[in-house]
Every structure is written in structure tokens, then in C-alpha cells.
Amino acid sequence: MRRIALKFGLVAAAFTGVLLVTLGLGGSSSARPTLIYAGAGDPTYLDPGLVSDGESFRVSEAIMEGLVFLKPGTTTVKPRLATKWSASRDGKTWTFWLRRGVKFHDGTAFNSSAVCANFNRWYNWRGAFQDASATYYYQAIYGGFKVNEVSGLSPPLFRSCTARGKYKAIVKLRRKSGTFLPSLVISSFAMQSPTAMKKYGADQGELRNGTFVPTGSYAFSHPTGTGPFRFKSWTVGQKVELTRSGNYWGTKAKIDRLIIRPIGTPTARLQALQNGEVNAYDLAAPQDVATIRANSKLKTITRSPFNVAYVTIHQGPGSVMNDLKVRQAVAHGLNRTQVVNQFYFGAGKLAQEFIPPSLPGWSSKVQKYAYNPTQSKALLNSSACKVPCKIDFWYPTSISRPYMPDPARNFQAFQASLEASGFSVTPHSAPWRPTYVAKVNDGTAGDLNLIGWSGDYGDPDNFVGTFFKSYSAQFGFQNPAIFKILTRAANETNAAKRIALYKQANEMLMKYLPGVPYAHSVSFIGAEKRVKNLIATPVGGTWFQYATVG
Amino acid sequence: MSVAEAEAREVRLDAPSGLWSEAWRRLRRNPGAIVGFVLVAAFVTVAIFAPLIATHGPREQNLSLLQGSCCPGPSGSHFFGVDALGRDLFSRVVYGARFSLLIGVVSVAVGLSVGLLIGAVAGYLGGWIDSILMRLMDIMLSIPGLLLAIGIVAALGPGLTQIMIAVGATQVPIFARLLRGSILATREADYVLAARAVGVKRRSILVSHILPNSLSPVIVQGTLALATAIIDVAGLGFLGLGPQDPSTPEWGTMLTDTTRYLQTAPFLALIPGAAIVVSVLGFNLIGDGLREALDPRFRGRA
């Protein structure tokens, strides 16, 4: 039986190989080639409004566009389907001037009523659609819905959308918000064809075992946007196939077909690239980068850092960490430079504050803490927690994140450097899910713990705002002045003022030390050298529009 | 065992070449057992004299050795190379022997003592006590050993003490069943009947007549159990259920850390793996040798 299965497997593999070769050489009707790309998994659904993961966004980003986008490879907000916009003085009314002559892939015209149809669709979601597993990003940015049916939802930010003429849409908000515009770059808020969504039942769905599942066919076989690629087919576990959109309004794609395959492990993806089964693959393991670079036919494409790894310093009733001197001793006692230089395979940059340098609001004037065991001990001895200061330190197991490729390794280095700096560390660990993350969020993961954050959109609020806009159990950090600055910054609509506020907040944060950031890390796409102009976007995506296969 | 055989054993026990001395004589002629003894002796020596043998501290990090990757291989100053934190792998393996020996001995001691008690009570008293105890043991045996250990660790929380208890607990039914079987055979032996006839108390019959004569299979099993205990503990350590302090030089825990670096530094997995194999092999060879030496059916053949 086993042998038969093996034989069958071989036949299947050979067949796939032939198929791929055919695909690779195929598209003979045109001179433009096919790009085969490997991701880490299948998309969840192809309706970006209903997902929150990178595997889904990678596909939907090629098919659909938002009103604004991040210039590929950067975190700067640029016009896309909206050519310009303005906010009223009170920050509650936003006017968007739309690009003319754009059509959805199904022929529906893109205009102000299509924009309002999308905004109203999000706002009017009910029932199963209000589950966090369906509309995570909508809830993160807009709070609640027109009618909140799930307990714990906050009042909605959105009030109304009005079509003023064909190419002007006016969005009214209930509160002033500085994050409204930058958050429109999130793929979940891409513009989708109202006709196709209606025709294929995009707004039908139910909860199965607590998880949202669409019941219409839209999210599986009819995603329709205005992007440079149009959807062709999706075979679960095999591939998603997209084709070039010939009447795209902007720079048309240079490839005819884009095939995105799910390959689970980094090692298998590397092998697929080495065998020529794929032209490029995402999320190369940092330790494989040297292997890829050593191959004369391959290269790596670097995704600039848009994340932060940090050590939470948890404060609370009776905690030694309530004393700023102890927190400073922690900052001086972490050998961050060695960890970043030695453990990130050249992919890490030392973090001095909680936001990556590419974001507005990053300040060069924050207080910096060099590794200095002598100073740590002196600080401890002048504090309430004399040497050896006993602390509990948590780290996660069975996980690897771009900002933390090997948590146990980081932990052990920090443990040793803290012990050299006058601390007595008690180690604790738990599996990343379901235990560790929950413990960190609840503030029950010791005095210190290892954690980090990957950004979703190009705005500092997505980093420091998420952590420090108000009291959180994770940090137990009480600093009304910082909370106030960050809340003001989130509501501010003037860009220059916002940046100044975030700089001020970052400087104060590094003075009062609710935690110690230590690394921003890049991630890598492994690719054949003949693949050109493939762009790794900092937020975790891949930009295929300009890619060529030579 | 027939009456004649039991008599024969009794006679031999009193004879100048007793059961144990004869077993020892035969053990010495078994090359496998000799190899086992050498391996185990080396293992125990390394464990005891670890601080003298190791060239570095087992937790001493030297991050600058790594040069931004993982991990420099064997060299003159680091015989087995260094691990992902620049710690000397040779010294860690040497200190790891201490943990493995300690863990093996403690967990077998746990399993042996509890198992012996249950087995002796069940075997000697018999009746409904025997039925209940043995059905309990059957239930424990029906769960695969490692799975049972994982369950116990899940209940107790991860840690070195907890895995020693868990691995010990999985050994309990094996020892209990073995001893009970052996006691059932001895219980009806003539010398036991004789002791009973002259009015020796039940407890002293059990302790001084039945137990000593039922122990030989348990000793064999004990040696083999040491081997499985070392493997099980390493397995639990590999699954992340071992010591909470990841810098503990325990062989299984050391293996866990290396999976990410298999492509670049395979020696990180091979060396602790080889250490586990060698120590387990040593105990297994001794166990097999003992079994042959103590088995009456092999008697006189060697």
C-alpha cells in the first residue's frame, strides 16, 4: 500500500513538474512570461474586507486597489484611486476626488457611487460579519457598525458617504481622526466592484465553530477590483492564478500570468526555488539567506523593517519595576547590540525606540541605553531592588517571528547579560499560542517578557498608539502625559503637527521606559536573478506590477 | 516453575557458587555486557567528574565567536564546536551527562519503588486487591508511555523535577506487573510453604523469602528502564517540557534548540544525539547481559 502511495506520489510530482514546465513556457500567445511565486499558505478568502492575513492580502493586493496606497517599497501614503483629498477643519469631513476612466475588471465603472457602496458595505455589516474573525481591520480602525450586534463593539467612527457628482465622494466621520486616511492603505479597505459583490453574494456568510465563513462564491471565485491583475482561478492547496489586466489605468503589468503557490515551510520553498519550480518565494528564513546568495542564479530581495522586537517591562502593584531606576538598569543590562548583530543573520537593526526609522515621528533625539553592567548594578543599588535583584522573565516557545527568529536564543543572551548586570533571572516559557500571547496581553507574563509587533499600515499610531495611547495590562504603565500626547496625535489631521507629537511621545517613552525595544528586522524574498523589479513592500506584501522575468 | 526447579535454586543459593556469583561469572564472559559496562562506566565517570573534564562553563556564553551566523564547528579550543550562543558544546555535553544520569536514576527509583510496592502487595495478597491494582496498572499500560508522561507533565507544569516524576510514573505499571508475576511464581514454592508451616509472619515471608527470590527480573528491567528513562526525558525536553531555563545543559533540551540550525550546523544535533545513543546503548547492553546471566534457562550454558 505504501509503495503504491509512493508511486502515485511520484507520478503526481512528475505530472506537476510537467504542468509547471508547460506553464512556464506557456502563454505562447504572448511574449510576456509567467511569474510563479511561492507564499507560505493559501489565502483565507479573496475578499480582503473579510481577512487579516498576509497570505490573502498578497493576492488581493494584486487584484484590487484602495483610494490611497503606500508607494511600493516605502511607507509613504500616495494617491491611487483617489487623486487627491482634503479634510475639513474639524477633521470629520473628508472629500476624495476620484481617478477618472477607471473600470473594475467586470466592466463596472469606478466612480463615487462605487466608493460609497464599499464604505456603506463595511458600515452595514451585520450578524456573522461582525465577528472579529471576519472584520478584524474594520473593527480596529472604525470600531463598530451601524447596528452593533456583538457585545464589546465600540461606537462607529464612520457616519456617512455621499456621492457628489461622478468623481467626488464625501465621507463623514463621527469623530476627528488622524488615522482614518493612512489606514485606507490597508488591503481590507480596497475598492471592490459593487456589481460583482452583489451578483456573487459577497455579503453572505455565517459562523462555523466560531469562525467566519463566506457562503457566497465571491470570496472564492469572483474577486473583482481595478488592479493590474485580474483573478483567473484558485485551486485550494495548489495555486492562485491571476492574469494581466489589459485595460489597467496605470502602468500595465509586464507579465502575462502570475501564479501564487502555497508552500508551507521555508525549507520547502527554498528547495522549490533551487529546483526551478518557482521564480521567487516569500519569507526566506534568515539563516538560508547565505545559501541563496551563494547560488549564482539566485538573489535575495530585502523587505525594509516595519516591525519592532522589544522587552516588555511590566509594572503593577508591588512590582520592583515601578522604580524608574530598576527599569533603567534593565535597559543598560540588556546586551542588545550583540543580540542584534549575532542572531539576525544580518537582517536586524538595533532599535532605539518603538517605531521603525522609516515612519514619520521617529526621533533621533531619544535617550539611548548602551549595555553597561557596572551602571546597571549602580542603579540597582541606589534603588529599592538591591543586587541581586530577583525578576521573572518570560519567553515564547515554538514560534519564529521576523523580528524574533529564535526567541529562546534572544532570551538566553539577555538572561546572561542581565545576570552580569546584577539581576537574578527566573526563566519561564510557554507556547506562543494559545498561552504566551494571552499571558503577555493580560500582564501575567512576569516582570519582563519578549514580544514584538509587525506594522499593518504606514502610521506611527499603528505602533506607539497601539501600545501606549492608554493604560494596558501588558505594560501596567501609567503616564497620563504620554497617553494624552498620543491621543492628540491620533486625532490630529495636520501632518506636521502629528509628526511633532509622535517625536515628543517617542522621546518621553524612552525616558520613562515602559519597555526596551531592541530590534527592527528585515525579511527576505528569495528570487531568481532573472526576476527583476519585484518589490517587497515593508508592510509585508509583494508588488508584482512592475516585475519582469528575463 | 516446578517444585524441582525451585529446589534446585534453593540449593544453589546456599552453594559456594551462588546465583549472583555465577551470574557475575557469566556476565564477564559476555562481550556485549563488557562493552555496556565500559560505556556506562565512562558515562558515570564523565557525569561525576564533569567540572574536571569540561574545558568551559556549561552556561558560559561568548557571542563574539558567532560572527553573525550559526555556528563555528569543532576547533582546538572547542572540541565539539560552539552552540547558537557561543557556548562550548563539549562542556555542555559533559555536564549534560550529569543531568541524564540524575534524571535516569531518580525516575527509575520513582518507578521502581512505587511499582515494587504495588506489585508486592498485589502478588502476595492476591484476591480482589490484586484484581483492582492490576486493572489500574492495565489502564496505565494501555496509554503509550511517552503520551502518559506528556499528560502528567501537562498537569504538573514543565520542569526537570516534573519530568522525572512523569517518566517514573510511566515505569510504575511495568515494575508492578513484573514483580507480581514473579511473586506469584515464588509464592507457592516449597520453601515459602515451609516458612508458612512453621508460622513465620506474612510480612517477613514476603520481605525475606519471596521478594529476594523474585527480584532478578526486576533488576534486569531496572537497567533497561534507565535507558528508556534517559530517552523519554530527552524526548520530553525536546518537546519543550523540560527545564524552564533553556540554558540548562540537558541533552534533550540541547537538541530542541538546534532544529533551526540543522542546515548550517548539523553537529549541534548530532553530538548530543550521539551522547544519548551511547549512554542508552550502554544500559541496554548491560540489561541484556544481566537478563541472560540471571535467567535460569541459560544457566550452565555459558
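**Exercise 1. Pairing of S4 and S5, chain A**

Task: In this predicted model, work out in which sense S4(A) and strand S5 of chain A pair, and over how many bridges.

Solution.
Step 1. Locate the strands. S4 of chain A covers 82–87, and S5 of chain A covers residues 93–98.
Step 2. Read the sense. The two strands pair in the antiparallel sense, over 5 bridges.
Step 3. Check one register point. A:Ser86 has A:Thr95 in S5(A) as its bridge partner.

**Exercise 2. The sheet around that pair**

Task: Place S4(A) in its sheet, and say which strands stand at the edges.

Solution.
Step 1. Write the strand order. It is S4-S5-S7-S6 in chain A, an open sheet of 4 strands with antiparallel pairing.
Step 2. Find the edges. S4 (82–87) and S6 (158–163) of chain A each have a single partner strand, so one side of each lacks a neighbour in the sheet.
Step 3. Add the twist. From one strand to the next, it averages 20°.
Step 4. Add the helix. Helix H3 of chain A (residues 112–123) lies across S5, S6 and S7 (168–173) of chain A. Its direction is at about 160° to S6(A).

**Exercise 3. The six-stranded sheet**

Task: Give the strand order of the open sheet of 6 strands in chain A, then its edges and its twist.

Solution.
Step 1. The order is S16-S20-S15-S19-S17-S18 in chain A, and the pairing is mixed.
Step 2. S16 (348–350) and S18 of chain A are the edge strands, since each pairs on one side only.
Step 3. Neighbouring strands are turned by 30° against each other on average, with direction ignored.
Step 4. Helix H14 of chain A (residues 432–442) packs on this sheet. It touches S15 (307–313), S17, S18 and S19 of chain A, and its direction makes about 135° with that of S18(A).

**Exercise 4. S17 and its two partners**

Task: Describe how strand S17 of chain A is joined to S18(A) and to S19(A).

Solution.
Step 1. Take S18. S17 (residues 389–397) and S18 (residues 423–431) of chain A run parallel and are joined by 9 bridges. A:Tyr395 has A:Ser429 as its bridge partner in S18(A).
Step 2. Take S19. S17(A) and S19 of chain A (residues 448–454) also run parallel, joined by 2 bridges. Here A:Trp394 stands opposite A:Asn449.
Step 3. Apply a general rule. In a regular strand, side chains alternate between the two faces of the sheet.
Step 4. Trace the connection. S17(A), helix H13 of chain A (residues 407–420) and S18(A) form a β-α-β unit, and that unit is right-handed.
Step 5. Look at the lead-in. A:Pro388 is in the loop between helix H12 (373–381) and S17 of chain A. The peptide bond joining A:Val387 and A:Pro388 is cis, with omega about -5°.

**Exercise 5. Two positive phi values**

Task: For A:Leu513 and A:Asn533, find phi and the loop, then decide whether each is buried, partly exposed or exposed.

Solution.
Step 1. Phi of A:Leu513 is near 50°. The residue is in the loop between helix H17 (495–512) and strand S20 (515–521) of chain A.
Step 2. Count neighbours. A:Leu513 has 19 C-beta neighbours inside 10 Å, so it is partly exposed; buried would take 20 or more.
Step 3. Phi of A:Asn533 is about 60°, positive although the residue is not a glycine. Its loop is between strands S22 (531–532) and S23 (535–536) of chain A.
Step 4. Count again. A:Asn533 has 13 such neighbours inside 10 Å, so it too counts as partly exposed; exposed would take 12 or fewer.

**Exercise 6. Chain B and a helix pair**

Task: Summarise the make-up of chain B, then classify the packing of H3(B) on H5(B).

Solution.
Step 1. Chain B has 13 helices and 0 strands. Of its 302 residues, 47% count as buried.
Step 2. Its C-alpha atoms fill a box of roughly 80 × 45 × 30 Å along the principal axes.
Step 3. Take the pair. H3 (residues 31–48) and H5 (residues 89–125) of chain B pack at about 105°, with axes 7 Å apart. The two helices are therefore roughly perpendicular; that class spans 65 to 115 degrees.
Step 4. List the contact. B:Phe43, B:Val44, B:Val46 and B:Ala47 in H3(B) meet B:Val94, B:Ala97, B:Arg98 and B:Leu101 in H5(B). By class this gives 7 nonpolar, no polar and 1 charged residues.

**Exercise 7. Between the chains**

Task: How many residues does each chain give to the contact, and what classes are found on the side of chain B?

Solution.
Step 1. Chain B gives 18 residues and chain A gives 20 residues.
Step 2. The side of chain B that touches chain A divides into 7 nonpolar, 8 polar and 3 charged residues.

Technical notes:
Residues are numbered from 1 along each chain as its sequence is written. Chains are lettered from A and ligands numbered from 1 in the order in which they are written. This is a predicted model: local features need pLDDT of at least 70, side-chain atom pairs count only at pLDDT 80 or more; totals for chains, interfaces and linings use all residues. Two strands pair if DSSP finds at least two bridges between them. A crossover is right-handed if, with the strands pointing away from the viewer, the path from the first strand over the helix to the second runs clockwise. Axes are lines fitted to C-alpha atoms, for helices over the stretch in contact, and angles run from 0 to 180 degrees between N-to-C directions. Angles under 35 degrees count as roughly parallel, over 145 as roughly antiparallel, 65 to 115 as roughly perpendicular and the rest as oblique. Two residues are in contact if their C-beta atoms, placed from the backbone, lie within 7 Å. Ala, Val, Leu, Ile, Met, Phe, Trp, Tyr, Cys and Pro count as nonpolar, Asp, Glu, Lys and Arg as charged, and the others, Gly among them, as polar.
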